[in-house]
Amino acid sequence: MKKKIIVGNWKSNKTIAEAQDWLVTFSTLKLSVDDQKTVVLCPSYTLLALVKSFIQEHDLPIIVGAQDISPYDVGSYTGAVNAKQAKEFASYVVIGHSERRKFFDETPDVLRKKITLANTYGLTPVYCIPDRDAIVPEGVTIVGYEPVFAIGTGEPDSPVNANTIAEYVKKKYPFVQYVLYGGSVTSENVASFTSLPFIDGVIPGRASLDPTAFFQLIMQA
Ligand code: PGA
């Protein structure tokens with residue numbers, strides 16, 4: 001069986017109280033995964049400490065990820081959270097999500113700097129690309145194929161097309177080991193993606209916001 005990586009992305013959602021509720025409900029579901037499934041959860045920075053300590057205390061099989069990092073290292077960059085700081089809580093970091101590219105004007109150049117810093121501080125980047133023509137910088141081992149039309153729309157890409165793109169990316173960039181699919185993934189459709197040979201996991205957004213929906217999605221993946 002091939003390894004599957006599931007990266008839940010809460011985006012800019014949840015207060016501390018809401019995150020606490022999610023964690024309490026999720027822990028009652030008693031998730032148990034074998035070493036063929038890696039589950040990563042990416043909350044906002046304000047929630048990282050809470051999520052990390054809850055996971056440790058309750059021994060949940062979840063790894064913490066950050067949704068982004070600064071393109072700059074430690075120093076005078078007001079408002080930025082750098083890779084070294086993120087690493088205190090997280091093991092993974094999402095870089096280049098289309099919402100960062102669109103709403104925060106992030107360019108391939110900026111994204112390349114983030115990849116370098118993530119690797120410098122031991123954060124594993126999950127590098128998102130909107131289509132097969134996007135350049136994947138060296139230093140990336142996990143790519144998320146996330147077509148913009150499928151994000152938050154309830155209209156996922158077809159599994160066959162996602163698989164074709166995953167195969168293309170792996171052939172073009174031999175340093176890429178895993179390609180995940182993101183865009184309207186649910187517990188109902190997740191297996192249609194993860195059962196295909198070149199797709200190694202998924203990046204659910206909305207479906208990660210509800211603990212039961214996320215649990216079911218992990219079980220079906
Ligand atoms: P969605 O988001 O699951 O809500 O479509 C996916 C993503 O942006 O990664």
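**Exercise 1. Find which helix gives the most to the lining of the second largest pocket.**

Helix H8, residues 206–209, gives the most, with three residues. Helices here are DSSP runs (H or I, at least four residues), numbered from the N terminus. The model is predicted: local features need pLDDT of at least 70, side-chain atom pairs count only at pLDDT 80 or more, and totals for chains, interfaces and linings use all residues. Residues are numbered from 1 along each chain as its sequence is written, and side-chain values use heavy atoms, with hydrogens and water left out.

**Exercise 2. Describe the second largest pocket.**

Start with the volume: about 220 Å³. A pocket is an open set of points on a 1 Å grid over the protein atoms alone, where a 1.4 Å probe fits, with protein on both sides within 12 Å along at least five of seven lines; lining residues have an atom within 4 Å of a point. A volume is the space filled by probe spheres set on the points, which are joined across faces, edges and corners.

Next, the lining. Of its 20 residues, Lys11, Gly152, Ser184, Gly205 and Arg206 are the closest to the centre of the second largest pocket.

Then sort by class. The lining has seven nonpolar, ten polar and three charged residues. Gly counts as polar; Asp, Glu, Lys and Arg count as charged.

**Exercise 3. Place the ligand and list its polar contacts.**

The ligand sits in the second largest pocket, meaning more than half of its atoms lie within 2 Å of the pocket's grid points.

Now take the contacts (pairs of N or O atoms within 3.5 Å). The side chain of His97 has an N or O atom 2.7 Å from a ligand oxygen. A polar backbone atom of Gly152 is 2.6 Å from an oxygen of the ligand. For Ile203, a backbone N or O atom lies 3.4 Å from a ligand oxygen.

Last, the cover. On its own the ligand has 280 Å² of accessible area, and the protein covers 99% of this (Shrake-Rupley method, 1.4 Å probe).

Note on methods:
A polar contact is a pair of N or O atoms within 3.5 Å; within protein, one must be able to donate a hydrogen and the other to accept it, and residues adjacent in sequence count only if both atoms are side-chain atoms. Helices (H or I, at least four residues) and strands (E, at least two) are DSSP runs, numbered from the N terminus.
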